[in-house]
Amino acid sequence: MDFQKKGYWWECTECGFSKKDPTIVKVIQQLRFESWNQELLNQSCPQNNCHGILKIAFYRDLKEKDTALVQHIVGISFDDKIREPTDSPFGKLQTVIDFLPMMWEWNLKDSGEESSYFDLKHMSLHNPNVQTLTNIVSLSEKELSRLISIYREKTGKSFLNNI
Ligand SMILES: [Zn+2]
């Protein structure tokens with residue numbers, strides 16, 4: 001399907017049902033306003049007799065067409081005021097409010113692999129759009145450790161506790 005060539009869509013973990021979701025930015029904004037409620041990332045599959053869950057999906061590799069399913073997204077809300085404008089490696093133009101650092105956990109569908117992968121992403125809040133999600137994001141140690149503690153709090157997982 002065309003919508004799967006790029007971007008994000010919803011896909012069932014069990015039956016493969018998929019539907020277009022042009023609103024990943026909206027999902028992120030909703031997550032932020034609902035304090036990173038992870039339930040927003042799980043939708044019931046509408047197919048009859050399917051007990052699967054719809055997850056946000058994307059291609060990890062456009063050539064290989066290997067589907068990644070998003071398990072968790074957490075971020076630092078601007079209320080945290082963790083970054084002062086002067087701390088920004090991009091200078092004073094980038095304000096605290098405009099910068100939303102996130103950590104995404106995903107795994108590969110149908111790979112038989114148990115392991116998860118983690119992407120650090122960011123989105124502009126002043127001009128939210130899907131493009132910045134693929135940009136490299138630079139985080140301070142303080143920001144990274146804040147993200148990890150929010151991840152632990154929201155998922156209940158003991159992430160990186162053993163190192
Ligand atoms: Zn299904």
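Visitor: Welcome me in with a loop: which residue with a positive phi lies between strand 3 and strand 4?
Guide: The loop between strand 3 and strand 4 holds Asn49. In this predicted model, its phi is near 65°, a positive value in a residue other than glycine. The residue you are after is Asn49.

Visitor: Is Asn49 buried or exposed?
Guide: A residue with 12 or fewer C-beta neighbours within 10 Å is exposed. Asn49 has 6 inside 10 Å, so Asn49 counts as exposed.

Visitor: And how does Ser35 count, buried or exposed?
Guide: Ser35 sits in the loop between helix 1 (24-33) and strand 3 (43-44), with a positive phi near 55°. The cut-off for exposed is 12 or fewer neighbours. Ser35 has 12 C-beta neighbours inside 10 Å, so Ser35 counts as exposed.

Visitor: Let's turn to strand 1. Which residues point the other way from Trp9 and Glu11?
Guide: In a regular strand the side chains alternate between the two faces of the sheet. Strand 1 covers residues 9-12, and its four residues are buried. Trp9 and Glu11 point one way, and the other way point Trp10 and Cys12.

Visitor: What are the bridge partners of Trp9 in strand 2 and strand 4?
Guide: Strand 1 runs antiparallel to strand 2 (residues 18-20), with three bridges. Strand 1 also runs antiparallel to strand 4 (residues 53-61), with four bridges. For Trp9, the partner in strand 2 is Lys20, and the partner in strand 4 is Ala57.

Visitor: Which turn residue of the hairpin has a positive phi?
Guide: Strand 1 and strand 2 form that hairpin, with five residues between them. The turn residue with a positive phi, about 85°, is Gly16.

Conventions. Residues are numbered from 1 along each chain as its sequence is written. This is a predicted model: local features need pLDDT of at least 70, side-chain atom pairs count only at pLDDT 80 or more; totals for chains, interfaces and linings use all residues. A residue is buried if 20 or more other C-beta atoms lie within 10 Å of its own, exposed if 12 or fewer, and partly exposed in between; C-beta atoms are placed from the backbone. Helices (H or I, at least four residues) and strands (E, at least two) are DSSP runs, numbered from the N terminus. Two strands pair if DSSP finds at least two bridges between them.
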